[in-house]
Amino acid sequence: MLRTLVWKELRELLPLALVALLVQVYLVCLAAGVKLGPFEPSSGAIPFVDDTMVQWMVIVSSLAAIGLGLWQTMRESGRGTFLFLLHRPLPRATIFAAKLLVGVAMWLAISMLPMVCYALWAATPGTHASPFEWSMTGSTWQIGARLPVLYLAAFLSGLRPARWYGSRLFPLLGGLLALVVLSALPAGWSIVLLATLAIDAAVVLVILDVASARDFS
């Protein structure tokens, strides 16, 4: 039953994920100097330092996080399938935990996999004229580590039984505020990671609480 639920989530997220992944691959190609379509490839930029393509990849990753979170909840609400889903012989917490795990895994594939490929290209001798050290990618990974906050906040916004023009988007606004706060923290993996994990855990607990208390009928 759990395998069926995971497959269902993967199947429903796949179209959105493929679009986002294609955009990311396109940006990686431009960053690597490959001309595809009307846009000019990046030239002369130092990878991960003054690279606008990395900034665009972060933007796409942020939009993908929000889109995945809302899609997983809005789709169920719009089609009226939440009630059917929750009648499966699994605890509610297990069902929603599975949805969250699939969503995070899909986001990682969309966001981090292209970034890792770009970093490996940048680290390969002879691919570009700029100097490269792996430490130059540190700030990008820190930003990426914060972005799941947006996914969880969007998931919570879609799950809450409130009106869109009322308070339903408050969690998403809170997620954006959390990103601002995390960005203002002193540089350092330990501080950023601990703060991010604490916020993520808090939002997950709220999601599970709302899921257990909401009447989906």
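**Group meeting: a salt-bridge network and its surroundings**

Let me begin with Glu9, which counts as buried at 1% relative accessibility. The structure before you is a predicted model, and every value I quote is computed from that predicted model.

What does Glu9 pair with? Its partner is Lys8: the two form a salt bridge, with the closest N and O atoms 2.8 Å apart. Lys8 is likewise buried, with a relative accessible area of 14%. Anything under 20% is called buried, so the 14% of Lys8 falls in that class.

Lys8 has a further partner. A salt bridge joins Lys8 to Glu12, and here the closest N and O atoms are 3.3 Å apart. Both Lys8 and Glu12 belong to helix 1, and the four residues that separate them amount to about one turn of the helix. Glu12 is buried too, at a relative accessible area of 13%.

Where does the chain of contacts go from Glu12? The side chain of Glu12 meets that of Arg75 in a salt bridge, at 3.8 Å from N to O. This pair links distant parts of the chain, since Glu12 sits in helix 1 and Arg75 in helix 2, 63 residues apart. Arg75, at 27% relative accessibility, counts as partly exposed. The class of partly exposed residues begins where buried ends, at 20%, which is why Arg75 with its 27% is placed there.

Taken as a whole, salt bridges with shared partners join Lys8, Glu9, Glu12, Arg75 and Lys99 into one network. The count of salt bridges in the model comes to four.

I turn now to the largest pocket, where Lys8 appears again. The volume of the largest pocket is about 200 Å³. How many residues line the largest pocket? There are 13, and those nearest its centre are Thr4, Leu5, Lys8, Phe84 and Leu85. Lys8 therefore has two roles in this account: a salt-bridge partner of Glu9, and, being under the 20% limit, a buried residue that is also among those nearest the centre of the largest pocket.

Which helices build the lining? Helix 1, residues 2–31, helix 2, residues 52–79, and helix 3, residues 82–86, each contribute at least two residues. Helix 1 gives the largest share, six residues. Sorted by class, the lining of the largest pocket holds six charged, five nonpolar and two polar residues.

Next, some positions in helix 2 and just before it. Phe48 lies in the loop between helix 1 and helix 2. Most residues other than glycine have a negative phi. Phe48, although it is not a glycine, has a positive phi of about 70°. Is Phe48 buried or exposed? At 6% relative accessibility, Phe48 counts as buried.

Within helix 2 we find Trp56, which is partly exposed at a relative accessible area of 49%. The limit for exposed is over 50%, so Trp56 at 49% remains in the partly exposed class. The C-alpha atoms of Trp56 and Ser139 are 15 Å apart, with these positions 83 residues apart along the chain.

Ser77 also lies in helix 2 and is partly exposed, at 29%. How far apart are Ser77 and Leu159 in space? Their C-alpha atoms are separated by 8.1 Å, while in sequence the two residues are 82 apart.

Gly78, again in helix 2, is exposed, with a relative accessible area of 67%. From Gly78 to Pro89 is eleven residues along the chain, and their C-alpha atoms are separated by 23 Å.

Finally, the surface. Leu169, Phe170, Leu173 and Leu176 make up a nonpolar patch there, with about 370 Å² of accessible area together. Leu173, one of this group, is found in helix 7, which covers residues 170–183.

To close, I return to the point where I started. Glu9 is buried at 1% relative accessibility, and it belongs to the network that also includes Lys8, Glu12, Arg75 and Lys99. Within that network, the pair of Glu12 and Arg75 links helix 1 to helix 2, and both of those helices supply residues to the lining of the largest pocket. Thank you for your attention.

Definitions and conventions. Residues are numbered from 1 along each chain as its sequence is written. This is a predicted model: local features need pLDDT of at least 70, side-chain atom pairs count only at pLDDT 80 or more; totals for chains, interfaces and linings use all residues. Side-chain values use heavy atoms; hydrogens and water are left out. Patches are made of residues with over 30% relative accessible area and no salt bridge: like charges are joined within 9 Å, nonpolar side chains (Val, Leu, Ile, Met, Phe, Trp, Tyr) within 5 Å. Accessible areas come from the Shrake-Rupley method with a 1.4 Å probe; for residues, only the protein chains shown count as cover. On a 1 Å grid over the protein atoms alone, a cavity is a set of points where a 1.4 Å probe fits but cannot get out, and a pocket is an open set with protein on both sides within 12 Å along at least five of seven lines; lining residues have an atom within 4 Å of a point. Grid points are joined across faces, edges and corners, and a volume is the space filled by probe spheres set on the points. Ala, Val, Leu, Ile, Met, Phe, Trp, Tyr, Cys and Pro count as nonpolar, Asp, Glu, Lys and Arg as charged, and the others, Gly among them, as polar. Buried means under 20% relative accessible area, exposed over 50%, partly exposed in between (1.4 Å probe, protein chains only).
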